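Me: I am new to this structure and would like a close look at a single part of it. Please set that part within the whole before you turn to what surrounds it.

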Amino acid sequence: MADDRTQYRYEPDTVTAPGSSLLEMLEYAGMTQTDLARRTGRPIKTINEIIHGKTAITPETALQFEKVLGVAASFWNNRERHYREFLARRLELEELKGMTEWVKRFPLKKMIEYKWISPVDSIEEKARALLQFFGIASPDQYEEVHQAGVAFRRSHKVRSDADAVAAWLHQGVRAAQSTRCAAFNAVAFKSALGQVRALTARSPEEFEPTLKQICAECGVAVALVRELPGAPVNGAARWLTKDKALLQLSLRYKTDDIFWFSFFHEAAHILLHSKREPFVDFENADMKMTDEEREANAFAERNLIPGEEYDSLISEPDISRASVVSFARRLGIAPGIVVGRLQHEGYIPRSRLNDLKVKLQWRETE
């Protein structure tokens, strides 16, 4: 969801120093700067610097001006605050202009199209929108918060852009923030995977809200996030707090077999592996398989299609369309899941039975 907090922010082109008002009032009262210094007990140098905007009016000075000039302290405090904010924003504008190269690192066009951020034109607006999206004050914090903590498990053959991946990951966090979850319960989540498995034979419109509800009741927020250019990610698992996990899935080219395998793979990371770092799983990653990834794959396989059941299917001399459909119906899962595993393990060619797979499309989580 785009951030509209600054859409109607009042930013004047110029703001005069509160000292200009002070000078006018001294002239109206027929009082000199020396007179004001004597009456307030402030050095003449301080009064002169306030008039020229070099020294700020403190709350204590504002109260003294109220007594001497009869103008409320709140007037002086507000004038000073507006002026200092104006100076800070003018300085910020120059800093934002200097972020051009940092802004170019992100797929901003798609982020705007997806309404992750509001439409913007100037480089300053783009930089500010990105900073607000990531919840940081400057690109320095981006490197520390959104890059340093993510150890991507990928090889050099996986073409990915770390900044696009970081944006995709953070959108999942933003979506999860609005998901109310019970405290994480590993036993309940593992048990709930049986209910999730039964959802695989249903359409996205039917299973999406139920999937999210089942997982939220166990302390896991599920976020379905559209793909970004340069971020060929299947899914990710991470911990937002010690009691709330995030299971994030991409909508990139998803057929039901890939989607559900990815879900159970990420569920395995949540149940079996370290809470210290995110697990980010890329599409078609040609990499040395880690023990954790092998374990997550095995977990997904046996939870979707139990080993003894699968053995009975692959032992058939001719795996036909009818036998796949019958097998899937008996297990209560989508036939596309069966097809995907048979193709992956070479029991049938990748060109066979693809019509049993269902292409999944969702409205993105907001």
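Reply: Accessible areas here come from the Shrake-Rupley method with a 1.4 Å probe, and for residues only the protein chains shown count as cover. The model is a predicted one, in which local features need pLDDT of at least 70 and side-chain atom pairs pLDDT 80 or more, while totals for chains, interfaces and linings use all residues. Residues are numbered from 1 along each chain as its sequence is written, and side-chain values use heavy atoms, with hydrogens and water left out.

The accessible surface of the chain comes to about 19100 Å², and 50% of that belongs to carbon and sulfur atoms. Of the 366 residues in the chain, 46% are buried (under 20% relative accessible area; exposed is over 50%, partly exposed in between). The chain holds 17 helices and four strands (DSSP runs, H or I of at least four residues and E of at least two, numbered from the N terminus).

The part to look at closely is strand S2, which spans residues 233–241. Seven of its nine residues are buried, so S2 is largely enclosed by the rest of the structure.

S2 has strand partners, pairing being counted where DSSP finds at least two bridges. With strand S3, residues 244–250, S2 runs antiparallel and is joined by six bridges, and these two strands form a hairpin that has two residues between them. With strand S4, residues 279–282, S2 pairs in the antiparallel sense as well, over four bridges. Gly235 shows both relationships, since Leu249 is its bridge partner in S3, while Asp281 in S4 stands opposite Gly235.

Beyond the strands, a pair of aromatic rings deserves a look, namely Phe207 and Phe259, whose centres lie 5.8 Å apart with planes at 35°, so the pair is tilted (centres within 6.5 Å, planes under 30 degrees stacked, over 60 edge-to-face, the rest tilted). Phe207 lies in helix H12, residues 204–216, and Phe259 in helix H13, residues 256–272, so the pair ties together parts that are 52 residues apart in sequence. Phe207 is buried, with a relative accessible area of 1%, and Phe259 is buried too, with a value of 0%.

Elsewhere in the chain, helix H8, residues 123–134, is followed by Gly135, whose phi is positive, near 70°. Among the buried residues of H8 are Glu124, Ala127, Arg128 and Leu131. Ring pairs also link Phe133 and Phe134 into a cluster whose members include Trp102, Tyr114 and Trp116, and both Tyr114 and Trp116 are buried.

Methods. Buried < 20%, exposed > 50% of the residue type's maximum accessible area, 1.4 Å probe, protein only. Phe/Tyr/Trp six-rings, centres within 6.5 Å; stacked < 30°, edge-to-face > 60°.
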